[in-house]
Amino acid sequence: MSSNKSFSTETSERYSRALFEVAKETNELDKIEIDIKNFQSLIKNNTELHYFIHNPSQSINNQNNVLNFLSEKLNYSKSLRNFLLLLVEKRRIFFVLKIIDNFLKLCSKKRGEVKASLISSKELSDTELEKISRELSSSMGSTIKFDYKVDKNLIGGLKLQLGSFMIDTSIKNRLKKIEQRMLEN
């Protein structure tokens, strides 16, 4: 185990790779990706379910019953249902959100997508976002998918982070640089 990674990170990556491989082998990658996004949204938006899954005092039987019920009602693939039950059995279900994040990254990587963070000072239209994505994708040679946010504190402009590459055209950043120059003189 790498000294830079925590136990939960290392464990989450192993489980997500295992689910990814099973999904590929059973030709269910697209279905499991959709199911797992729905499950992620359900956990994040339902505080009772979030607490239930992350509560170590819950019995394995209770957690299995709830996950079986959800899998049946939401028509999850058999592979995903079995995977979730395995997480309960191994007492790793509380890692599920990290596992989901890692799994979704693997799916994006398989499609050749690159994740980027885009922050703007004002709300951008879908057309503007598509144009930025298309131009960046063309210049980078990969499909760029944005994690998009609006930050009114930027005053004007954009911030784009792609891995360790950062472009900051915000007025807030420019003012900060002017302030630094003034303090240096």
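## A helix pair and a four-stranded sheet

Helices H4 (residues 60–73) and H5 (residues 78–89) pack against each other at an angle of about 165°, and their axes lie 10 Å apart. Because angles over 145 degrees count as roughly antiparallel, H4 is roughly antiparallel to H5. This is a predicted model, so to speak of its geometry is to speak of computed coordinates. The crossing of H4 past H5 is right-handed.

Let's look at who meets whom. On the H4 side, the contact is made by Ile-60, Gln-63, Asn-64, Leu-67, Asn-68 and Ser-71. Facing them from H5 are Arg-81, Leu-84, Leu-85, Val-88 and Glu-89. Sorted by character, the residues of this contact comprise 5 nonpolar, 4 polar and 2 charged.

Now for the sheet. It is open and built from 4 strands in the order E2-E1-E3-E4, with mixed pairing. Its edges are E2 and E4, each of which pairs on one side only. From one strand to the next, the twist averages 15°.

Here are the strands with their residue ranges:

| Strand | Residues |
|---|---|
| E1 | 113–120 |
| E2 | 143–150 |
| E3 | 158–162 |
| E4 | 165–168 |

Strands E1 and E3 run antiparallel and are joined by 4 bridges. Which residue in E3 is the bridge partner of Ser-117? That partner is Gln-161.

A helix also joins the picture: H7 (residues 126–140) packs on the sheet and touches E1, E2 and E3. The direction of H7 makes about 140° with that of E2.

Notes. Residues numbered from 1 in each chain as written. Predicted model: local features only at pLDDT ≥ 70, side-chain atom pairs only at ≥ 80, totals over all residues. Heavy atoms only, no water. Axes fitted to C-alpha atoms, helices over the stretch in contact; angles between N-to-C directions. Helix = DSSP H or I, 4+ residues; strand = E, 2+ residues; numbered from the N terminus. Parallel < 35°, antiparallel > 145°, perpendicular 65-115°, else oblique. Left-handed = near helix turned anticlockwise from the far one by under 90°. Contact = heavy atoms within 4.5 Å. Nonpolar A, V, L, I, M, F, W, Y, C, P; charged D, E, K, R; others polar. Pairing = 2+ DSSP bridges.
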